[in-house]
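Here are some notes for a first reading of the structure. Please keep the 3D view open while going through the points.

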Amino acid sequence: MILLRQIVEGCLLKVQCASTRRGRRLLAPRFAGWRAPLTVATAFLSFFLVSCGAARPAKYYQLTVPKETAADPPGDPLPVTILMGPIMSSHLYREDRIVYSSNGENMGIYEYQRWAEPPTEMIQDVLFRTLRSSGRYRAVHAQRSGVRGDYLLHGRLYDFKEISGSPMSARLSLDLDLRDTKTGATVWTHLYNHDEPVSGKDVSAVVAALNRNVQRATSEFAASLIQYFSAHPPAPSPAPAQ
């Protein structure tokens, strides 16, 4: 550390002296004795950089999305068009880093373990494709498509992370709301909060548990929506203009 500090100080002195001819004349004798230390420092820094090696490659993970083959629904589809809106969250879940925490307040992110897309977008896509492929609704579109719908489904993601400890778990906390686009009233809401056990000690096991949690939540949301429409049969409405 002393050697590196001396080198820095010598470089600063070089800059100060180089501005005048007098400084340039003084530069050579003052730095003549620094060649050996400078060579040693250069070798040290070169060894340090080589020992660090290349940057560690990042690993990317994604959630399982159901196939787009619609199953035969029991009876005719409900005469409603659902728009899939955004899932809001904190910035942690709108980025691609995998989040971990303890049961306390501390949270962190893995540097080289990342999602292929932000969790909010992946979960939104899983919900959207699940509802659309179920065949239970006349149509399911993304809100950004510009299609007019009868209901807007949107939500907020509170937790999507590893819970460190013994045993480890994968926590998902997600709240969904269904809003009638004609009246603006929220007609259905459902909060999902579950810690899925992690069967392993590495990040891939955590990802697998989070994926299972999303699939479980998606099934629960889909079943709850059907229960709502069964209790509140929607009146037939014109098909949306394409």
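**Notes on helix packing and ring pairs**

1. In this predicted model, helix α4 (residues 119–134) packs with α5 at an angle of about 45°, and the two axes are 10 Å apart. An angle under 35 degrees would count as roughly parallel and one of 65 to 115 as roughly perpendicular, so α4 is oblique to α5. The crossing of α4 past α5 is right-handed.

2. Which residues make this contact? On the α4 side they are I123, V126, L127, T130 and L131. On the α5 side they are V214, Q215, T218, F221, A222 and L225. Sorted by type, the residues where α4 meets α5 comprise eight nonpolar and three polar, with no charged ones.

3. How many aromatic pairs does a search of the whole structure find? The search gives six. One of them joins Y100 and Y110, whose ring centres are 4.9 Å apart. Their planes stand at 50°, so this pair is tilted: stacked would need under 30 degrees, and edge-to-face over 60.

4. Where do these two tyrosines sit? Y100 belongs to strand β3 (residues 97–101), and Y110 to strand β4 (residues 107–115). The pair therefore ties together parts that are ten residues apart in sequence. Y100 has a relative accessible area of 30%, so it is partly exposed. Y110, at 24% relative accessibility, also counts as partly exposed, because the cut-off for buried is under 20%.

5. Another tilted aromatic pair is formed by Y192 and F221, with 6.3 Å from centre to centre and 55° between the planes. This pair links distant parts of the chain, 29 residues apart: Y192 is in strand β8 (residues 186–197) and F221 is in helix α5 (residues 203–231). Are these two residues buried or exposed? Both Y192 and F221 are buried. F221 should be familiar from point 2, as one of the α5 residues in the contact with α4.

6. Ring pairs also join Y137, Y151, Y228 and F229 into a cluster. It is worth finding these four residues in the 3D view.

7. A last place to look is D177, which is part of strand β7 (residues 169–180). D177 and H190 are 13 residues apart along the chain, and their C-alpha atoms are separated by 6.7 Å. Leaving aside residues up to four places away in sequence, D177 touches L152, L153, H154, T186, W188 and T189.

Key: Residues numbered from 1 in each chain as written. Predicted model: local features only at pLDDT ≥ 70, side-chain atom pairs only at ≥ 80, totals over all residues. Heavy atoms only, no water. Phe/Tyr/Trp six-rings, centres within 6.5 Å; stacked < 30°, edge-to-face > 60°. Helix = DSSP H or I, 4+ residues; strand = E, 2+ residues; numbered from the N terminus. Buried < 20%, exposed > 50% of the residue type's maximum accessible area, 1.4 Å probe, protein only. Axes fitted to C-alpha atoms, helices over the stretch in contact; angles between N-to-C directions. Parallel < 35°, antiparallel > 145°, perpendicular 65-115°, else oblique. Left-handed = near helix turned anticlockwise from the far one by under 90°. Contact = heavy atoms within 4.5 Å. Nonpolar A, V, L, I, M, F, W, Y, C, P; charged D, E, K, R; others polar.
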